[in-house]
Each structure stands twice: as C-alpha cells, then as structure tokens.
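Let's go through this one together, question by question. Keep the viewer open and follow along.

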Amino acid sequence: MKPVWKWILISLGVLIVIIIGVSWYFANNWKPLVEQKLKDVIHNSTNGLYTLTYDDLDLNLALGNVTLKNAHLIPDSAVYAKLVLAKEAPNNQFNIKLDALKIRRFGLMNILTNKKLSINTIILENADIHLVNEYHAYNDTISTKPKKTLYESVQDVLSSISVKDIKIDNFKFKFTKLADGKSSDILLDSVNINIHDVLLDETSINDSSRLFYTKMVDIHVPKFAYEMPDDIYKASFEDLRLNTQKKNLLLTRVSYAPKMSKANFFKTKNQNVTMAVMNFDTVRIDNIDLKQLLDNQITVAKSVQLKSGAVSLYNDKRFRKVPKNKIGNSPHQQLMKMKSLLSIDTVYVDDVDILYGEFSAKYNQEGIITFNHATGILTNVTNDSLRLSKDKFMRADLTAKIMKSGTLKAQFGFDMLSKTGFYTYKGSLGPMQATAYNKILRPLLNVEIASGNVKSVRFDMQGTDTKNWGDFRFDYDNLKIKLLNEPDAEKKSSKKVISFIVNNIIINDSNPDANEVYHTGKINYTRNPQHTFFKTLWQSLLEGIKQCAGISPEREARLMGAAKDVKNASKETQGALKKTGSFIKGIFKKNDKEEK
C-alpha cells in the first residue's frame with residue numbers, strides 16, 4: 001500500500017472517531033437540553049393542557065435519530081377545568097400512548113444554524129389514541145381574542161418543521177362523546193395512517209394545497225361497527241379508505257339495520273313505525289372538501305355514489321300508530337332544516353333495490369311491493385342558501401322496475417326556498433301484467449287481480465304542503481278483479497256476487513272503455529295533514545287511477561244510492577264499493593313508507 005493511501009485511511013479513521021466522540025458528547029450532554037425543549041414546546045403549544053412523559057429518550061446525533069420509548073401525552077384535568085371556567089377550553093381532549101416514537105434522519109446542523117427541523121420519517125408504534133369530545137357553546141361564537149396558530153406556538157424554538165413521511169400502523173382509536181351527563185363510545189381497531197410532506201412554517205397554514213400542513217393523508221379503517229344511542233339500530237362498514245390528496249372517501253359493505261329481528265323490533269317500539277334496513281356494497285364520495293368538514297362540519301362534495309344496495313322498509317299494522325301532523329316534513333323541507341350545511345353536486349344511485357312491506361292486522365299476512373334495480377341521479381343536493389339563490393331546485397331523475405316487471409321513470413323537482421313546500425313530479429310506467437301487484441293486494445286487501453294488461457301510465461303533477469294537482473293518464477285493458485274468500489263460510493257465495501258487481505258496474509275493464517271513450521285524470525287533491533309526503537303522492541295518483549277507471553264521484557254516489565235500493569244485497573254491495581276503494585289504493589301502494 002502506498003503511503004498516501006495509508007495516510008488517507010488513517011485520516012478517515014481519525015475523522016470517524018472524532019464524529020463518534022462528538023456525537024457521544026452531544027447525545028449525553030445535550031440530552032437534558034433536548035428533553036427540556038421538547039417539554040417546553042408541548043406545554044407552550046397547548047396552553048399547559050398537555051404533559052409529555054416517556055421512559056427513555058435515545059438520541060443519536062450522528063445518524064439523526066431519536067426514539068422515545070413508552071411515550072404518553074396526557075391532558076391535565078385541572079388545567080382543562082380552569083380553561084372551561086375561562087371559556088377557553090377546546091371541545092376535544094386527546095390521550096395518546098405509544099410503545100415507541102421513532103424520528104429518523106433529522107438534520108442537526110440545520111437546526112443549529114437556521115433553526116429549521118427537517119425529518120425524513122416519523123414512526124408511531126402501537127399507538128393507542130383516546131379522543132374525548134365535550135361540546136362547549138362558547139366555541140361556536142366568534143372570539144375577539146386572536147388564537148395562536150401552531151406555528152406561532154413553536155416559532156421561538158424553530159423557524160420551520162418539515163417531515164417527509166409519518167407512519168402510524170395498526171393503532172387503536174377510541175372516540176368518547178360527553179353530552180347531558182352521558183357518554184357514548186366509538187371504537188376503531190387496526191387503523192393505518194400514512195402522512196406525506198408535512199410543513200410547518202409561517203406560510204404553510206395558508207397553503208390551499210395542504211390540509212392541516214400536510215400534502216397527503218391516507219387512512220385505512222377495517223371492520224367498523226357502532227351501536228346507535230337508541231340501542232336499536234347498528235351502523236357498520238367492512239372497509240373505509242380516505243385520501244386527502246385525491247379528496248375521496250370510499251366505504252364498502254355499508255349497513256344500517258336493527259340489532260334485532262323484525263318481530264322484536266315492533267314489540268320493542270310498541271308502535272306502528274317504519275323499520276328501515278339499508279345495505280350498500282359501495283358508498284363513494286369524490287372531491288370532498290375535508291377542511292370544511294373538519295373545521296366547520298360542512299359537507300361539500302362533487303359527487304356521492306350509492307352502488308349495489310338494498311333499502312327495505314317495513315310497517316306492522318298490528319301495532320298502534322300515533323297520529324302526527326306531517327306538514328313541513330317533506331324531503332326537501334327536512335334537508336333545509338338540517339343544522340349543518342350540505343352541498344353535493346350530484347348523487348348517483350346505481351342498482352339499488354327498494355322494498356316496502358306491511359303486515360296486515362286483519363288478514364295476518366305481509367304484503368310487499370318492490371322497486372328493483374333503481375338507477376338515476378339527484379342534482380343540486382344542498383341547503384346552502386347562497387347556492388340556492390342561483391338555482392333553487394333540487395332535482396331527481398330515477399328509473400326502476402316495479403315488481404321486477406314494468407319500468408317506472410320518475411322526475412322530481414323540489415323548490416328548496418318555497419315557503420309552501422312546492423315540488424313537481426312527473427313520470428311514466430311501461431307495459432306490465434297487472435297481476436304482479438297481487439303480492440301486496442292479497443295479504444293486505446284480500447283481493448287479487450285475475451287479469452289485466454297495463455299498457456302505460458303517465459302523470460305530470462305539482463304539489464305543496466296542502467294540495468296536489470295535475471294530469472294523469474292510465475291505458476289498460478282486460479282488467480278483472482276477484483275478491484277472495486274469508487274464513488267465514490257464510491260469506492263465500494257473496495264474494496262472487498261482489499266480484500261481478502266490481503267488474504261489471506263499478507270499474508271499466510279498459511281505457512278507452514267499451515264505448516271508445518278515453519278517460520283522463522284531472523287531479524285536484526287536498527292533503528290530509530297526517531299523511532306523509534310519499535303517502536300524499538300516491539293518494540294523489542289514486543285520484544287519477546279512479547278517474548281513468550271511470551269511477552267519478554258522481555258515479556260513486558249513484559252506485560251508493562243503487563246499493564241502498566238492493567234490499568238483499570245492500571251490505572255486500574256497499575262492502576264491494578268499500579273494497580274497490582281499498583283495492584285501487586293498493587295498485588300503487590307505498591303508504592307510510594317514510595314514517596319511522
């Protein structure tokens with residue numbers, strides 16, 4: 001070996017020894033200073049609310065590594081109580097435990113010369129985070145006292161902090177909400193979070209490309225279940241993924257359903273209220289404004305997709321129903337009453353099955369009606385008055401198969417600013433066999449359609465809180481009704497008589513009728529205040545069906561007069577008229593669907 005190389009190696013060896021020695025010195029002599037500075041930063045940035053404890057701090061200045069073992073960030077309850085009295089306490093408190101906090105590759109010289117902390121990676125091992133939320137009304141008011149930003153809390157120590165990546169794997173999260181002396185918990189397990197490109201300096205807080213000083217936060221939450229405060233329903237999902245850079249939220253296998261069987265639900269409620277079961281394979285929200293959501297609880301998004309799902313609604317008439325005034329509770333009016341702001345450009349409904357089931361107290365059976373493979377869009381879904389000043393209508397354009405048969409198309413327009421709840425709805429129903437409706441008619445009305453061809457239904461309607469009006473067209477032929485026998489044997493023979501009266505006197509078997517007269521419906525329906533929005537819709541359409549079937553009020557009156565003159569069949573005939581009214585209501589029955 002040449003002498004020059006020998007001296008080079010010796011020089012490098014000496015340099016390494018010096019570096020190791022200097023690092024050892026700083027690690028041992030600067031450790032108390034680092035510990036004190038760390039505690040000062042925590043104390044100053046939280047107004048003394050939090051204290052940081054740990055078992056050991058391992059500092060390697062040569063590699064730029066720091067490890068805190070068994071670290072614990074603890075809120076001080078006494079300080080929090082004082083802040084509450086001073087009306088300065090935040091709504092949220094954190095209690096964080098870590099097996100280890102690892103900081104890798106930070107630049108010491110940059111800290112010493114420029115007061116800038118630059119870190120390559122921060123790793124949180126086996127984190128356990130408990131967030132306690134307690135609402136304080138004063139946090140909703142505008143404070144005249146300027147609040148210190150996070151940067152202002154640390155600027156005396158560091159002029160900037162940057163971190164390339166933060167990794168939090170398999171951590172546990174508990175959310176506790178305190179309200180009215182009660183607490184409720186949400187638990188999450190095995191949560192993974194990756195945070196990229198964190199920058200804290202005097203300009204980053206105003207950087208619109210960052211959310212809370214970060215360029216990207218990616219969150220993965222598997223298998224979540226939450227029991228609702230009513231102790232009846234449970235919400236759950238199989239998987240959640242949130243990416244702040246892409247601004248999207250994806251949930252799979254989403255469910256909202258009672259924790260008990262249908263029979264136990266109604267026994268527990270002891271009322272005829274609607275039981276709801278909702279399941280969606282995919283719920284996706286795109287271009288969501290996460291800063292608005294987190295800062296102000298305002299939901300602003302470009303689109304929401306509900307894909308491959310089912311919505312089932314059930315009622316049980318064996319239980320009592322408490323009458324309530326439903327005026328002012330239409331869907332668009334309910335949206336306007338929401339306390340939090342909602343603004344979604346488009347909601348996509350993609351292959352969703354809707355079922356309404358009702359158990360009859362009289363016939364002890366359940367009838368159902370289904371709307372299969374519903375698809376369509378809702379636009380301008382918002383209660384933002386500024387946005388509505390430019391376009392005041394929320395719209396819905398939906399298509400579905402009724403009873404897996406006829407194609408129903410419906411378009412709704414909701415005037416969100418109307419003081420009378422104004423809305424429009426129009427649509428059509430394609431060809432189908434009328435016998436498909438027997439699944440709801442037999443169990444609930446004890447009648448069935450023996451035959452009937454629905455050629456088309458068309459309607460163009462408008463409505464308010466008190467009235468529905470518009471045009472209705474119903475084209476059909478070969479309609480025959482059959483009243484079914486009841487257990488009482490004495491009434492069996494009368495059913496044939498009543499069925500004959502219904503088919504030959506009360507309703508036309510076709511439209512146009514046998515005299516080639518085409519009947520149209522001119523609807524002017526006054527709402528029953530106790531009827532819900534959807535029931536009012538179908539009651540209005542019922543008026544059109546009756547008119548198209550030739551059952552005018554005048555004809556009903558003449559038939560009732562004739563029934564009184566038929567001595568031996570008066571009860572049967574009048575009963576037939578009553579049955580007919582119930583039957584027609586059943587054709588498009590969706591009653592009480594929305595009552596919960």
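**A buried helix and its neighbours**

In helix α10, the buried residues are N438, I440, L441, P443, L444 and L445. Keep in mind that this is a predicted model.

Q: Is helix α10 largely enclosed or exposed, and why?
A: Helix α10 covers residues 438-445, eight residues in total. Six of the eight are buried, so the rest of the structure wraps around most of the helix: α10 is largely enclosed.

Q: Which residue just after α10 takes a positive phi?
A: Look right past the end of the helix, just after α10. The phi there is positive, at about 60°, and the residue is N446.

Q: How many bridges join β20 to β21?
A: Strand β20 spans residues 447-463, and strand β21 spans residues 467-483. The two form a hairpin with three residues between them. They run antiparallel, and one pair to look for is V447 with its bridge partner L483 in β21. The number of bridges joining β20 to β21 is 14.

Q: Which residue in β20 stands opposite K426?
A: Strand β18 (residues 423-429) runs antiparallel to β20, and seven bridges join them. Find K426 and look across to β20: the residue standing opposite is D460.

Q: Which residue of β20 does M432 stand opposite?
A: Strand β19 is made of residues 432-433 and runs antiparallel to β20, with two bridges joining them. Look across from M432 and you'll find V454.

Q: What is the nearest side chain of opposite charge to R527, and how far away is it?
A: R527 is in the loop between β22 (520-526) and α12 (533-548). R527 is buried, yet has no salt bridge. A salt bridge needs the atoms within 4 Å. The nearest side chain of opposite charge misses that, as it belongs to D465 and is 4.2 Å away.

Q: Which backbone oxygen does the side chain of R527 reach at 3.3 Å?
A: R527 has contacts beyond its sequence neighbours, including I327, S330, T466 and F533. The R527 side chain reaches the backbone oxygen of D465 at 3.5 Å. At 3.3 Å, it reaches the backbone oxygen of K326.

Q: How many contacts beyond four places in sequence does the model have for residues 583-596?
A: The protein averages a pLDDT of 82, and 82% of the residues score at least 70. Over residues 562-570, though, pLDDT stays under 50, and the model has four contacts beyond four places in sequence there. Over residues 583-596 pLDDT also stays under 50, and the number of such contacts is 59.

Note on methods: Residues numbered from 1 in each chain as written. Predicted model: local features only at pLDDT ≥ 70, side-chain atom pairs only at ≥ 80, totals over all residues. Heavy atoms only, no water. pLDDT = per-residue confidence, 0-100. Contact = heavy atoms within 4.5 Å. Helix = DSSP H or I, 4+ residues; strand = E, 2+ residues; numbered from the N terminus. Buried < 20%, exposed > 50% of the residue type's maximum accessible area, 1.4 Å probe, protein only. Lys, Arg positive; Asp, Glu negative; His and termini not counted. Polar contact = N/O pair within 3.5 Å; in protein donor to acceptor, adjacent residues only side chain to side chain. Pairing = 2+ DSSP bridges.
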